[in-house]
Amino acid sequence: LTWKILVVDDEPDIHTLTQLSLKDFRFAGRTLEVLHARSGYAAREVLSEHPDIAAALIDVVMETDDAGLTLVRHVRQQLANRIVRIVLLTGQPGYRLQRDVIARYEIDDYRLKSDLSADKLFTCVYSELRTYQ
């Protein structure tokens with residue numbers, strides 16, 4: 001059995017960083033399966049095929065300025081999925097105020113891409129899986 005996490009980002013570097021940082025990841029005796037989507041639209045397909053995704057790391061700005069936020073609404077409202085842990089990623093600090101986004105959207109964390117090191121990514125995914133469990 002594996003934990004499934006979804007990375008939704010239009011930047012190939014984020015997918016590579018995630019894959020490399022989490023390649024030996026284990027939590028509660030289970031390994032990690034990282035699923036990838038390059039847009040909010042592609043992510044909808046992955047989410048419908050894999051309803052057991054534990055956590056999603058979602059970029060805010062992709063095919064539109066608020067593609068990530070639109071995807072969060074889709075997950076929480078259309079799919080009525082309240083259990084998947086959602087971490088928003090942004091490459092544009094100050095683009096949306098962190099407090100505003102956390103208050104208005106049902107997300108679990110908000111991270112700046114510039115702060116994403118291998119260690120921080122590991123810690124973030126570990127804590128999201130712990131909460132999901």
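In what order do the 6 strands of the open sheet stand? The legends below take up this question first and then turn to the helices, single residues and the whole chain of a predicted model.

**Figure 1. The open sheet and its strand order.** The strands of this predicted model form an open sheet with the order β2-β3-β1-β4-β5-β6, and their pairing is mixed. The edges are taken by β2 (26–27) and β6 (109–112); each has a single partner strand, so one side of each is left without a neighbour in the sheet.

**Figure 2. The pairing of β4 with β5.** Strand β4 covers residues 55–59 and strand β5 covers residues 85–90. The two run in the parallel sense and are joined over 5 bridges. Within this pair, I58 stands opposite L88 of β5.

**Figure 3. Helix α1 across the sheet.** Helix α1, made of residues 12–21, lies across four strands: β1 (2–8), β3 (30–37), β4 and β5. Its direction makes an angle of about 175° with β3. One residue of α1 is Q19. With a relative accessible area of 37%, Q19 is partly exposed. Apart from neighbours within four places in sequence, the residues in contact with Q19 are V34 and H36. Between the C-alpha atoms of Q19 and E33 the distance is 9.4 Å, while 14 residues separate the two in sequence.

**Figure 4. The two faces of helix α2.** Which residues of α2 are buried, and which exposed residues lie on the face turned away from them? Helix α2 comprises residues 40–49, and its buried residues are G40, A43, V46 and L47. Because these cover an arc of only 110° around the axis, they lie on the same side of α2. The cover over them includes β1, β3 and α3 (67–78). On the face turned away from the buried side stand the exposed residues Y41, E45, S48 and E49.

**Figure 5. Two alanines with positive phi.** A28 is not a glycine, yet its phi is positive, at about 50°. The residue lies in the loop that links β2 and β3. A28 is partly exposed, and its relative accessible area is 48%. A80, in the loop between α3 and β5, likewise has a positive phi, near 50°, and is a residue other than glycine. Is A80 buried or exposed? Its relative accessible area is 56%, and exposed means over 50%, so A80 counts as exposed.

**Figure 6. The chain as a whole, as context for the close-up views.** The protein chain contains 5 helices and 6 strands. Followed along the sequence, these elements give the pattern β-α-β-β-α-β-α-β-α-β-α. The C-alpha trace spans about 35 × 30 × 25 Å along its principal axes. A compact globule of 133 residues would have a radius of gyration near 14 Å, and the 13 Å of the protein chain agrees with this. Of the 133 residues, 47% count as buried. The accessible surface of the chain is about 7,000 Å², and carbon and sulfur atoms account for 49% of that surface. Among contacts between residues at least 6 apart in sequence, 67% join residues at least 24 apart.

Definitions and conventions: Residues numbered from 1 in each chain as written. Predicted model: local features only at pLDDT ≥ 70, side-chain atom pairs only at ≥ 80, totals over all residues. Heavy atoms only, no water. Pairing = 2+ DSSP bridges. Contact = heavy atoms within 4.5 Å. Axes fitted to C-alpha atoms, helices over the stretch in contact; angles between N-to-C directions. Buried < 20%, exposed > 50% of the residue type's maximum accessible area, 1.4 Å probe, protein only. Arc of directions from axis to C-beta. Rg over C-alpha atoms; globule rule 2.2 N^0.38 Å. Areas by Shrake-Rupley, 256 points an atom, 1.4 Å probe, with all protein chains shown as cover.
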